[in-house]
Amino acid sequence: MTSESARLSTAAELVSPRSLADSAPPAAPPTHALAPDEAHFLIGWLRERDVECPGCGYNLRNLTQPSCPECREPLRLVVSLEPTRFLTLVAAVAPSIFAGLFAGVLLFMIVIHPGAPWQIVTATVFGVISGLATLALLAGRQRYLKMSRAAQIGWATTIWFVHLFIYGVLIASTA
Ligand SMILES: [Zn+2]
């Protein structure tokens, strides 16, 4: 991965805040050609750089047209956040994704074996709430990503702490 903040993207892999916000499927290839100045800038940018095609890995150095010579994918330059910017978001939603999936399993067990202990019921309710909260976080992720790195780490740490605490108390109370 290059450390440049600008990077290459195939048209099918656009990473713009707009497309992220809409939770839409990947953008369809553009129906019109790249503006001449954009194509010129792309080709100029690749003149001195070894950059792999995001689609097939072909080295695009000295590209002469704004598409991959190997896989024919149209190419364009995009502005994106540093990939590490998303790590705290992944860290923040990871426990909730686990909790939500775990709640699904527990719910299945409760249905199969009625009269489950209160710890199981609590873990199920907590997992459902946690799962819904993480969906809300993902829907509002632009606001999360705008926070300072320290605030993001603080939120992710808090979320981990709450989950470990709840599951720790529930497991301890069954002993
Ligand atoms: Zn390619």
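The legends below describe close-up views of a predicted model.

**Figure 1. Overall layout of the protein chain in the predicted model.** The protein chain contains six helices and two strands. Read from the N terminus, the order of the elements is β-α-α-β-α-α-α-α. Of the 175 residues in the protein chain, 15% are buried. Among contacts in the protein chain with a separation of 6 or more, 58% join residues 24 or more positions apart.

**Figure 2. Packing of helix 3 against helix 6.** Helix 3 covers residues 87-112 and helix 6 covers residues 149-174. The angle between the two is about 20°, and their axes lie 8 Å apart. An angle under 35 degrees counts as roughly parallel, and helix 3 and helix 6 are therefore roughly parallel to each other. Their crossing is left-handed. On the helix 3 side, the contact is made by T88, A91, A92, P95, S96 and A99. On the helix 6 side, the residues met are Q152, I153, W155, A156, I159, W160 and H163. Sorted by class, the contact of helix 3 with helix 6 comprises nine nonpolar residues, four polar residues and no charged ones.

**Figure 3. L87 and L89 in helix 3.** L87 belongs to helix 3. L87 has 14 other C-beta atoms within 10 Å and is therefore partly exposed. Its C-alpha atom is separated by 9.7 Å from that of Q152, a residue 65 residues apart from L87 along the chain. L89 is also placed in helix 3. L89 has 17 other C-beta atoms within 10 Å, so L89 too is partly exposed. The C-alpha atoms of L89 and A156 are separated by 7.4 Å, although these two are 67 residues apart along the chain. With neighbours within four places in sequence left aside, the contacts of L89 are R141, Y144 and L145.

**Figure 4. Packing of helix 3 against helix 4.** Helix 4 is made up of residues 118-139. Helix 3 and helix 4 pack at an angle of about 140°, and the distance between their axes is 7 Å. This angle is not over 145 degrees, the limit for roughly antiparallel, and helix 3 and helix 4 are therefore oblique to each other. The crossing of this pair is left-handed. The contact of helix 3 with helix 4 draws on 18 nonpolar and seven polar residues, with no charged residues.

**Figure 5. Packing of helix 4 against helix 6.** The angle between helix 4 and helix 6 is about 170°, with the axes 10 Å apart. Angles over 145 degrees count as roughly antiparallel, and helix 4 and helix 6 are therefore roughly antiparallel to each other. From helix 4, the residues in the contact are Q119, T122, A123, F126 and S130. Facing them in helix 6 are H163, I166, L170, S173 and T174. The contact of helix 4 with helix 6 has four nonpolar residues, six polar residues and no charged residues.

**Figure 6. The largest nonpolar core and the contacts of L60.** Five residues form the largest nonpolar core: L46, L60, L63, C68 and L75. L60, one of these five, is in contact with L46, V51, C53 and C68 when its neighbours within four places in sequence are left aside. In soluble globular proteins, nonpolar side chains tend to be buried together.

**Figure 7. N62 and R72 in the loop between helix 2 and strand 2.** Helix 2 covers 36-45 and strand 2 covers 75-79, and N62 sits in the loop between them. N62 is not a glycine, yet its phi is positive, at about 60°. N62 has 11 C-beta neighbours inside 10 Å and therefore counts as exposed. R72 is found in the loop between helix 2 and strand 2 as well. R72 has a positive phi of about 70° and is likewise not a glycine. Because R72 has 9 C-beta neighbours inside 10 Å, R72 counts as exposed.

Definitions and conventions
Residues numbered from 1 in each chain as written. Predicted model: local features only at pLDDT ≥ 70, side-chain atom pairs only at ≥ 80, totals over all residues. Axes fitted to C-alpha atoms, helices over the stretch in contact; angles between N-to-C directions. Helix = DSSP H or I, 4+ residues; strand = E, 2+ residues; numbered from the N terminus. Parallel < 35°, antiparallel > 145°, perpendicular 65-115°, else oblique. Left-handed = near helix turned anticlockwise from the far one by under 90°. Contact = placed C-beta atoms within 7 Å. Nonpolar A, V, L, I, M, F, W, Y, C, P; charged D, E, K, R; others polar. Buried ≥ 20, exposed ≤ 12 C-beta atoms within 10 Å, placed from the backbone. Core = buried A, V, L, I, M, F, W, Y, C linked by C-beta atoms within 7 Å.
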